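Here are some notes to read alongside the model, set out as numbered points. They take up the nonpolar cores, then one loop residue, then two helix pairs.

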Amino acid sequence: MWSEEQSKIIFSKDPIIQVIAGAGSGKTATMVGLLEEREKRKSIPPNRTLVVTFTKKATNEFKERCHKNGLSKEYHISTFHSFCYDSLKRYDNSKNWIRYKLLGESKKWDITKTILYPYRFEIGGIPFPILTKHNGQLLRSISEQIYFEYKNSFCNWKEKHHYFEYDDLVTFFLEFLKSENSVTAKENWKSLIIDEFQDTDEEQLEIIKRMEFDSITVVGDDWQAIYGFRGATPEPFLNFPKHFPTTISYFLSTNYRSTPTLIQKSLLPIKQNKNQILKQTKSYRKNKGTFRVIRIKNNEMEIESVWKKIQSLDLEPTLLTRSNFRKNEWIQVGVPKNQVMTIHSAKGLEFEAVVVDLSQGWSEDHNTIDWEEERRILYVALSRAKDHLIVLINAESKPQSLCDRFSEDFSLWNKVRNRTLLWTRLW
């Protein structure tokens, strides 16, 4: 039933485990198998075991898997933010957490507009989400004083009106763990399994350290770390053995999802990253699959024509874009809403056929581009495809365009077909 790699993880008795799981490698099934084996050995108490997932959808899927396998219902399975909120309500008596509520996006920007209105001439017309992202990087470059006045005013407003944001929960819980009142919270939990650990930030890592779990299993893939805009970084996963010196690392290197041809194509960009865990990817499937490149001019008539051409292939593909703006452009020319999504939304999903739009929507600001993260985003997009992969590239190149740095190499891939291609350029 289990592969050799999966068996090593499932039957491991090591207290601290790092599972490096590639795309389509069956990591969720392996984690459920790990819990099942530990239940048989009675090596962990389910009611004191925390299973952390990245999204609510992943939480529900993990619960369903456990239910189908007849596992205990006592595991606490939730997102990291939900765990922090539940713990604060349960253990932190410094605030009446029941009164606090999540701050919605529209209300947040209304409050931001009010706070920053006196500085409107210094700021100009920069959208608030851009102005405040990456811990206010752009606003700080305009004025450190304005940034700190905004931050303090915004935090005071949230506290006064009993609002919180998701990231506040992590910060508040970490502060609570530093207090003398956190002993009970730490003692309540003995075992941790955390999925998508490559999307963890430094505060979350610090929480894991302070919780002092007896058993820790982290699962992730640094190649799929694509949430830098939220403050996440692959560093906690890359350096996990440094933080926990007794760590034993295991690999899940067999890809059960994609055909060998598509695996080969998806690996080419990510192999260029320097900051990564070196790993092999083996294909379980034997059929080749199809890969093709389509050149596209970026005007409405051309986009509509290209979509009709793709439809004629009788594949019913899912179209992946880099931005919501680009997604909406495709919807406007007739692409069904259920057949187009951003790459970030597609993370964790798989489709029989995928179209990756490289022609528009990728960052063009060479001063702020995180080149390694852009490659990871591209890898996530390419690795969603099971059988068929189509890449749309620019018909007309623009000098130094990030899209064209991708596109030129995809064009070369199409020419060389199955021969080995060694990249000597950045992309």
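1. The model is a predicted one, and a convenient place to begin is its largest nonpolar core, which has 36 residues, with Phe173, Ile207 and Ile216 touching the most other members. The elements that give two or more residues to this core are strands S1 (16–21), S2 (49–53), S6 (191–194) and S7 (215–220), together with helices H4 (80–91), H9, H11 (202–211) and H12 (235–238). Apart from this core lies another, of 24 residues, including Ile226, Leu320, Ala381 and Ala385. As general background, nonpolar side chains in soluble globular proteins tend to be buried together.

2. Phe173 deserves a look of its own, since its neighbours can be listed in full: with residues within four places in sequence left aside, Phe173 is in contact with Phe83, Cys84, Ser87, Leu88, Ile207 and Met211.

3. Ser182 is placed in the loop between helix H9 (166–177) and helix H10 (183–188). Is this residue, Ser182, buried or exposed? Its relative accessibility is 1%, and because the cut-off for buried is under 20%, Ser182 counts as buried. Beyond its neighbours within four places in sequence, Ser182 is in contact with Phe176 and Leu177, and a polar atom of the Ser182 side chain lies 3.1 Å from the backbone oxygen of Leu177. The C-alpha atom of Ser182 is also separated by 9.8 Å from that of Arg210, a residue 28 positions apart from Ser182 along the chain.

4. Turning to helix packing, helix H5 (residues 105–116) and helix H7 (residues 128–142) pack at an angle of about 95°, with 11 Å between their axes. Because angles of 65 to 115 degrees count as roughly perpendicular, H5 and H7 are described as roughly perpendicular to each other. On the H5 side the contact is made by Trp109, Thr112, Lys113 and Leu116, and on the H7 side by Phe128, Pro129, Leu131 and Thr132; the residues of this contact divide into 5 nonpolar, 2 polar and 1 charged.

5. How are helix H14 (residues 260–270) and helix H18 (residues 371–382) packed, and at what angle? The angle is about 170°, with the axes of H14 and H18 8 Å apart, and since angles over 145 degrees count as roughly antiparallel, H14 is roughly antiparallel to H18. Lys265, Ser266, Leu267, Pro269 and Ile270 in H14 meet Arg375, Arg376, Leu378, Tyr379 and Leu382 in H18, and the residues of this contact divide into 6 nonpolar, 1 polar and 3 charged.

Methods:
Residues numbered from 1 in each chain as written. Predicted model: local features only at pLDDT ≥ 70, side-chain atom pairs only at ≥ 80, totals over all residues. Heavy atoms only, no water. Helix = DSSP H or I, 4+ residues; strand = E, 2+ residues; numbered from the N terminus. Buried < 20%, exposed > 50% of the residue type's maximum accessible area, 1.4 Å probe, protein only. Contact = heavy atoms within 4.5 Å. Polar contact = N/O pair within 3.5 Å; in protein donor to acceptor, adjacent residues only side chain to side chain. Core = buried A, V, L, I, M, F, W, Y, C linked by side-chain atoms within 4.5 Å. Axes fitted to C-alpha atoms, helices over the stretch in contact; angles between N-to-C directions. Parallel < 35°, antiparallel > 145°, perpendicular 65-115°, else oblique. Nonpolar A, V, L, I, M, F, W, Y, C, P; charged D, E, K, R; others polar.
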